[in-house]
Amino acid sequence: MLASRSFTALSSRIVGPSILNFSAAASASSSTTEEANSSDLVLVSRDASDIVTVTLNNPKKHNSLNWEMFNAIADTAETLSNDSTVRAVILHGNGKSFCSGLDVPSMAKNPMTAAKLLDRPHKTPKSNLAQDVGYMWRQCPFPVIAAIHGRCYGGGLQIAMGADFRYSTPDCEYSIMEAKWGIIPDMSGTVTLRDVGRLDWIKELAMTARVIKGDEAVKVGFVSRVVEEPMVEAQKVAEELASRSPDAVALTKKLFQETWIDMNEKEALEMETNLQKKLIPSWNQLAASAKNFKVNVPYTKRSV
């Protein structure tokens, strides 16, 4: 009880400009406490090709993560993951930033609510809610593309790392920010960061909380490539992916994610064969083959 009271008192003293800097809200956040309605914190739209755009929508706070935002992101990922008609998802943030990390002032008001983020299991048997907002995108059976701009800090970075591809503006800022607050990255980065970066670089950035920009982020592995208009690039790639068999795309994602890091050669080779047998023969495999002979056979929804 005493520790809880001390934490609350300390949080009350800390919540000020320094915390607002962590959530990257800058002058916008320091001048307002207004938040988007929880039902509007994540917007979902779909085009005629079944490419879904998921927009983090709390721009006055640079899309920082409060309790409602955590739940809205996880619920959206779960709903889309169960939709076999989705061909690809584009993640991006409304306003000046992709996502600036944890909304510390909001969480500090109720430490017990913040603690619930660490309860497991949540949406998946492996993860808690804090991890779900990044990890669940990695687990989706379709490609996820992050279009990143502005600030991508802490939890926002770990959400982006759950995507299969990440396109960034040159001036976008990235940081594994948790060390600034005496904590570790705990939103699925231990799974997603190992897929893309050298261990020494990741440890250095995680221990120092240093901020880097787009070109260096490519070198580290945070970013697939730097472009002037990430949303345009994301849409172009999503359309190309949607032109392929949804089953082949889904199983390609599964194949490389499950074999890339720690599967032995025997198991990896067996997985190649087993997944291939699910595709040959199938309607979508035959439809893909027909297109090579200029025969336009429509794909069906994903079946694997």
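Arg46, Asp50 and Asp83 are joined up in a network of salt bridges. Keep in mind that this is a predicted model. Across the whole structure, a search turns up 14 salt bridges. Side chains of opposite charge can pair when their charged atoms come close.

Three of the pairs are set out here, with the distance between the closest N and O atoms.

| Basic residue | Acidic residue | Closest N and O atoms |
|---|---|---|
| Lys61 | Asp103 | 3.2 Å |
| Arg138 | Asp195 | 2.9 Å |
| Arg225 | Glu233 | 2.8 Å |

Start with Lys61 and Asp103, whose closest N and O atoms are 3.2 Å apart. Lys61 sits in the loop between strand 2 (51-56) and helix 4 (67-81), while Asp103 is in the loop between strand 3 (88-93) and helix 5 (104-108), so the salt bridge ties together parts that are 42 residues apart in sequence. Are these two side chains buried or exposed? Lys61 has 9% relative accessibility, which is under the 20% cut-off, so it counts as buried. Asp103 has a relative accessible area of just 1%, so it is buried too.

Next up is Arg138, which forms a salt bridge with Asp195 at 2.9 Å between the closest N and O atoms. This pair also links distant parts of the chain, 57 residues apart: Arg138 belongs to helix 7 (residues 129-139), and Asp195 to the loop between helix 9 (189-192) and helix 10 (199-208). Arg138 is buried, with a relative accessible area of 10%, whereas Asp195 comes out at 25% and is partly exposed.

Then there's Arg225 with Glu233, where the closest N and O atoms lie 2.8 Å apart. Here the basic partner, Arg225, is partly exposed at 36% relative accessibility, and the acidic one, Glu233, is buried at 12%.

Now for the empty space inside. How many cavities of 30 Å³ or more are there? The count comes to 1, and the largest cavity holds about 30 Å³ of space. Its lining is made up of Val86, Arg87, Pro141, Phe142, Pro143, Pro246, Val249 and Arg302. By residue class, that lining splits into 6 nonpolar and 2 charged residues, with no polar ones. Arg and Lys count as charged, so Arg87 and Arg302 are the charged residues in this lining.

How values were computed:
Residues numbered from 1 in each chain as written. Predicted model: local features only at pLDDT ≥ 70, side-chain atom pairs only at ≥ 80, totals over all residues. Heavy atoms only, no water. Salt bridge = Lys/Arg side-chain N within 4 Å of Asp/Glu carboxyl O. Helix = DSSP H or I, 4+ residues; strand = E, 2+ residues; numbered from the N terminus. Buried < 20%, exposed > 50% of the residue type's maximum accessible area, 1.4 Å probe, protein only. 1 Å grid on protein atoms, 1.4 Å probe; cavity = no way out; pocket = protein on both sides within 12 Å on 5 of 7 lines; lining within 4 Å. Points joined across faces, edges and corners; volume = space filled by probe spheres on them.
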